[in-house]
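The following paragraphs are a guided reading of one protein chain, to be followed with the sequence and the coordinates side by side. They move from the chain as a whole to helix pairs and single residues.

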Amino acid sequence: MLAICCASAIVVVMDISIVNVALPSIRRDLHASVSGLQWTVDAYTLVLATFLVLAGSAADRLGRRRVFQIGLAAFGVGSLLCGLAPSLPWLIAARALQAVGGTMLNPVAMAIVATTFPHPAERARAIGVFASSTGLALALGPILGGALVDGFGWHSIFWINVPIVAAALVCTALFVPESRAARARRVDPVGQTLMILVLGGVVFSITESRRLGWTSPVILALLAVAALAVLGILAYEPRRVDPLLELRLFRSLPFASAILMALFALCGFGAFLFVTTQYLQEVRGMSALAAGLCLLPVGALVVVLSPFTGRLVGARGPRLPLVVAGGALALGGGASLWLGPATPLPFVLAVYLLFGVFLGTVNPPITNTAVSGMPRSMTGVATSLASAGRQTGTTLGVAVSGTIVGSALPRGGTAFVAAERGVWWLVLGLGLGIVALGLLSTGRWAQRTATGAAAVFEEVERGGSPRTVPVGGRF
């Protein structure tokens, strides 16, 4: 069962990173602009971020195995259509369909893992294995993608998903038990619409700002709609019995910090992947396979560190891994400021080791923090919000980094290197933010807020009023 869930995580998450190494080939073959390349990545991650929470709550209500199987089928069809896409608009549309299936896989798989392993230490180890598979997929995607692009063309990076998904469908029917939440949650179409407006408006504004300009009426209107949608969420969602965005979860400081750290972490790594694959191929003139192999240190460290980190979190808590992860990301961003067209390759690979340490130590503590202390009926929603934070971070990382380097990418060389320094300053700041949140979220006061938040949901499930339950030691 755990192996099937990990396999689904690998194909979904790998499709975030594997496409990055193919972007130069896609740009040449389909005559894509920089914003087109951004949308090739962001159409996938944006749909994932937008619908993950809906998928998680639907799985709690309709059955996790059933939703998981539907997701596998949709992901396989989307992958096949991506491989057959004749133009960039078709590719972007197929990526969105692929992502619709992906929304039903990772958070649902995480919920299956969390409910199958109820003991905290055992669950932490299982989550460590699951999280390591997602981190490994992110890191190894460029390597596999490089080999496929050089050997068979960029279409093959999507075709490879089809037999994997077919095998997973069969194994799911045979080995994964059905499970549901004890209390079904209602559909929230208003909350889902507001969430689409927020994420879609922000990402579109950032991605198209270089082409249209920040003062464009279109950009200003989209930002205004996103701001109004945020206000709508804050006003509407707390009034629902079963909101799409369960804002009461954020009364737990560890949970709220986990969501923010997930966003920071994947924003940094998304920016790193988008810029690095362009740097290696467009600036240093490497092939797709050579560029992917340069990221081998990242994948190797994820393999070594993620299982160990999962055990460490289960035994001693998440503080140390979070500090190490944030520090490594900050150091990686700072060291990348020194990379240029002629930087010796050993130094470049040494810098990438820092990103490997970061990715190998960041996922298990974030995932475990997000679900720890939550009642089992809220597992699907909690894990979906954590996954949504990751995908939102990846989307924003690609959107922001593409905007920063977009004008310099066609010129390449020193112009691109100069532009990408803005990305590395951003990555450095995100790493420091993870360190600060890791320290804040693991203190005694933070744990009291987690206990209080869990008590809120336990009281609600017993039919009481959440207003009578203290949170963080206060009423």
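A residue is called buried here when its relative accessible area is under 20%, and exposed when that area is over 50%. The model under discussion is a predicted one, and its chain contains 18 helices and 0 strands. Buried residues account for 61% of the 475 residues in the chain. Of the contacts between residues at least 6 apart in sequence, 82% join residues that are at least 24 apart.

With the cut-off in hand, Thr343 can be placed. This residue sits in the loop that runs between helix H14 (319-336) and helix H15 (345-371), and because its relative accessibility is 11%, Thr343 counts as buried. A polar atom of the Thr343 side chain lies 2.6 Å from the backbone nitrogen of Gly340. When its neighbours within four places in sequence are set aside, Thr343 is in contact with Tyr279, Arg284, Trp338 and Val348.

Tyr279 falls within the residue range of helix H11 (residues 253-283), and this helix is also one member of a pair with helix H1 (residues 2-30), the two axes coming within 9 Å and crossing at roughly 45°. That angle makes H1 oblique to H11, and the crossing of the two helices is right-handed. On the H1 side the contact involves Ser17, Asn20, Val21, Leu23, Pro24, Arg27 and Arg28, which meet Leu273, Phe274, Thr277, Gln278, Gln281 and Glu282 in H11. Sorted by class, the contact of H1 with H11 has 5 nonpolar, 5 polar and 3 charged residues.

Beyond H1, the loop that leads to H2 holds His31. With a relative accessible area of 70%, His31 is exposed. Its phi is near 55°, a positive value in a residue other than glycine, and this deserves a second look because most residues other than glycine have a negative phi.

How do the axes of helix H2 (residues 34-62) and helix H9 (residues 189-212) cross, and at roughly what angle? They come within 10 Å and cross at roughly 165°, which makes H2 roughly antiparallel to H9. H2 passes H9 in a right-handed crossing. The residues of H2 that take part include Trp39, Leu46, Ala49, Thr50, Phe51, Val53 and Leu54, while those of H9 include Met195, Ile196, Leu199, Val203 and Phe204. By class, the contact of H2 with H9 has 12 nonpolar, 6 polar and 3 charged residues.

Met195 allows a closer view of this pairing from the side of helix H9, in which it lies. At 8% relative accessibility, Met195 counts as buried. Leaving aside neighbours within four places in sequence, Met195 is in contact with Ala49, Thr50 and Val53, and also with Ile233, Leu244 and Leu245. Between Met195 and Gly232 there are 9.6 Å in space, C-alpha to C-alpha, for a separation of 37 residues in sequence.

A last stop is Leu249, which is found in the loop between helix H10 (217-236) and H11. Its relative accessible area is 0%, and Leu249 is therefore buried. Leu249 and Leu385 are 136 residues apart in sequence, yet their C-alpha atoms are 9.7 Å apart in space.

Terms used: Residues are numbered from 1 along each chain as its sequence is written. This is a predicted model: local features need pLDDT of at least 70, side-chain atom pairs count only at pLDDT 80 or more; totals for chains, interfaces and linings use all residues. Side-chain values use heavy atoms; hydrogens and water are left out. Axes are lines fitted to C-alpha atoms, for helices over the stretch in contact, and angles run from 0 to 180 degrees between N-to-C directions. Helices (H or I, at least four residues) and strands (E, at least two) are DSSP runs, numbered from the N terminus. Angles under 35 degrees count as roughly parallel, over 145 as roughly antiparallel, 65 to 115 as roughly perpendicular and the rest as oblique. A crossing is left-handed if the near helix is turned anticlockwise from the far one by less than a right angle, and right-handed if clockwise. Contact means heavy atoms within 4.5 Å. Ala, Val, Leu, Ile, Met, Phe, Trp, Tyr, Cys and Pro count as nonpolar, Asp, Glu, Lys and Arg as charged, and the others, Gly among them, as polar. Buried means under 20% relative accessible area, exposed over 50%, partly exposed in between (1.4 Å probe, protein chains only). A polar contact is a pair of N or O atoms within 3.5 Å; within protein, one must be able to donate a hydrogen and the other to accept it, and residues adjacent in sequence count only if both atoms are side-chain atoms.
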